[in-house]
Amino acid sequence: MSVVATTPPQLAVRTVPLRDGRDLLEHLPGDAPLAWVHRGDGLVAWGEAARFTWPGDDTGDGTQRFTAAARWLAGVASATEVADEVDLPGSGMVAFGGFTFDGRSAGSTLVIPRIVVGRRADRSWLTTIGDRRGAHPGEILASCTPARPIGPLTWTEGSIPAAEWEAAVATAVRHIRAGEIAKVVLARDVYARAERDIDVRTLLRRLTRDYPGCYTFSVDGMVGATPELLIRREGDGIGSLVLAGTRPRGTTPAEDERLAAELTGSAKDLEEHEYAIDSLRAALAPLAATVETPDRPRLLRLPNVQHLASPARATLHPGVSTLDVVAALHPTAAVGGTPTAAAVELIRDLEAMDRGRYAGPVGWIDAQGNGEWGIALRCAHIAGARARLFAGCGIVAGSTPEAELAEADSKFQVMRHALTD
Ligand SMILES: C=C(O[C@H]1C=CC=C(C(=O)O)[C@@H]1O)C(=O)O
């Protein structure tokens with residue numbers, strides 16, 4: 001087993017302020033666009049100056065892909081010349097990344113793009129990343145071809161037909177009631193095929209329009225709008241948004257209120273949420289001087305679902321790297337379960353599919369370690385004309401297969417709508 005890139009490339013990075021009020025997504029060309037956008041701010045990027053890929057590993061504790069990526073990135077950063085006139089989180093050298101849910105799976109990736117356009121509050125910038133000798137990419141911010149509609153789609157069942165997935169949920173509930181495990185998150189997939197290559201920019205536009213409060217991402221084929229922030233880091237401070245516990249949105253205001261009251265008062269959902277908070281606190285304890293979480297979760301309303309949500313904050317001990325924190329937090333109980341190792345084993349047994357980068361950390365990191373990493377949820381893997389959509393649900397003792405199947409359907413809606421003209 002080897003890491004694909006060994007010798008760090010020698011890069012030259014230049015960041016300059018940009019006077020440009022356009023929507024970030026308008027800059028993106030159609031080929032392999034990279035994006036992380038939240039309420040109009042964020043980073044969009046394209047081209048590829050360097051790449052790290054991880055082949056998967058079934059030995060060790062499952063954190064090797066993060067440590068290998070961190071080592072590779074540090075090597076690249078130390079061989080890179082930077083001229084940064086902006087000096088904000090996300091300026092200078094940045095890498096976009098997506099890690100697999102399971103350390104055994106191949107496909108964890110970091111990509112250092114050629115061109116990045118960033119925005120934070122009212123400041124925008126342009127970063128170009130070239131090699132030492134060569135000129136910076138010439139055709140910067142050239143006008144792009146317009147984003148194309150997706151066209152007609154054919155939908156097919158994924159790895160697990162609905163009835164089999166319900167049976168897997170019932171099996172998980174039996175394990176939980178037998179006291180073998182407290183919570184496990186079970187996911188399923190569905191496929192869509194278009195008549196020509198899917199234009200990822202069209203998906204990104206629809207996702208940012210419909211889910212402005214979520215983190216819309218596109219990294220090496222994984223595209224989605226996740227509500228769940230694993231870590232936002234600036235200096236030694238980190239923030240996180242823990243989600244677990246879900247109801248659909250009502251079709252009338254009265255039904256919406258009833259579902260919200262049911263969620264905030266549900267012992268089953270509060271228990272599911274508590275497991276996620278406990279796993280975050282336990283993971284951060286060795287890495288942070290302080291960890292603050294609220295006493296009770298608040299309600300987070302998204303267009304398709306409502307969640308129990310807890311914003312958390314922590315101050316890291318000196319020397320703790322961002323990818324160390326990502327490695328420690330993943331998999332949270334929102335995508336794995338409690339206890340973690342037993343939950344991951346049960347997921348391998350019951351799901352009968354490779355999650356790939358679904359439910360894994362996705363985001364960006366700069367050379368100072370600032371960055372934002374979400375959990376790749378409400379997303380699809382796009383490959384040419386094919387999309388593989390994912391959705392999962394936290395299973396606890398009080399779960400029923402029909403309700404969980406309906407909940408998974410409401411989570412699929414995000415990408416179903418984004419794919420539908
Ligand atoms: C696993 C997913 O959602 C997680 C995040 C929030 C709420 C969840 C829940 O209530 O089950 C899930 O744990 C997914 O969207 O695929």
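This passage describes the two largest pockets and the main nonpolar core of a predicted model. Local features need pLDDT of at least 70 and side-chain atom pairs count only at pLDDT 80 or more, while totals for chains, interfaces and linings use all residues. Residues are numbered from 1 along each chain as its sequence is written, and side-chain values use heavy atoms, without hydrogens or water.

The largest pocket (on a 1 Å grid over the protein atoms alone, an open set of points where a 1.4 Å probe fits, with protein on both sides within 12 Å along at least five of seven lines) has a volume, the space filled by probe spheres set on the points, of about 520 Å³. Its lining (residues with an atom within 4 Å of a point) comprises 25 residues, with Asp61, Gly62, Pro331, Thr340 and Val344 nearest the centre. Helix 7 (a DSSP run of H or I, at least four residues) gives the largest share of this lining, 5 residues.

Turning to the second largest pocket, its volume is about 370 Å³. Gly30, Asp31, Ala32, Pro33 and Val200 are the closest to its centre among 24 lining residues.

The largest nonpolar core (buried Ala, Val, Leu, Ile, Met, Phe, Trp, Tyr and Cys residues joined through side-chain atoms within 4.5 Å) holds 133 residues, and Ile112, Val184 and Leu186 have the most contacts inside it. Here buried means under 20% relative accessible area with a 1.4 Å probe, protein chains only. Helix 8 (residues 401-419) gives the most to this core, 7 residues. Beyond neighbours within four places in sequence, Ile112 is in contact (heavy atoms within 4.5 Å) with residues including Leu11, Trp72, Met93 and Ile129.

How values were computed:
Helix = DSSP H or I, 4+ residues; strand = E, 2+ residues; numbered from the N terminus. Buried < 20%, exposed > 50% of the residue type's maximum accessible area, 1.4 Å probe, protein only.
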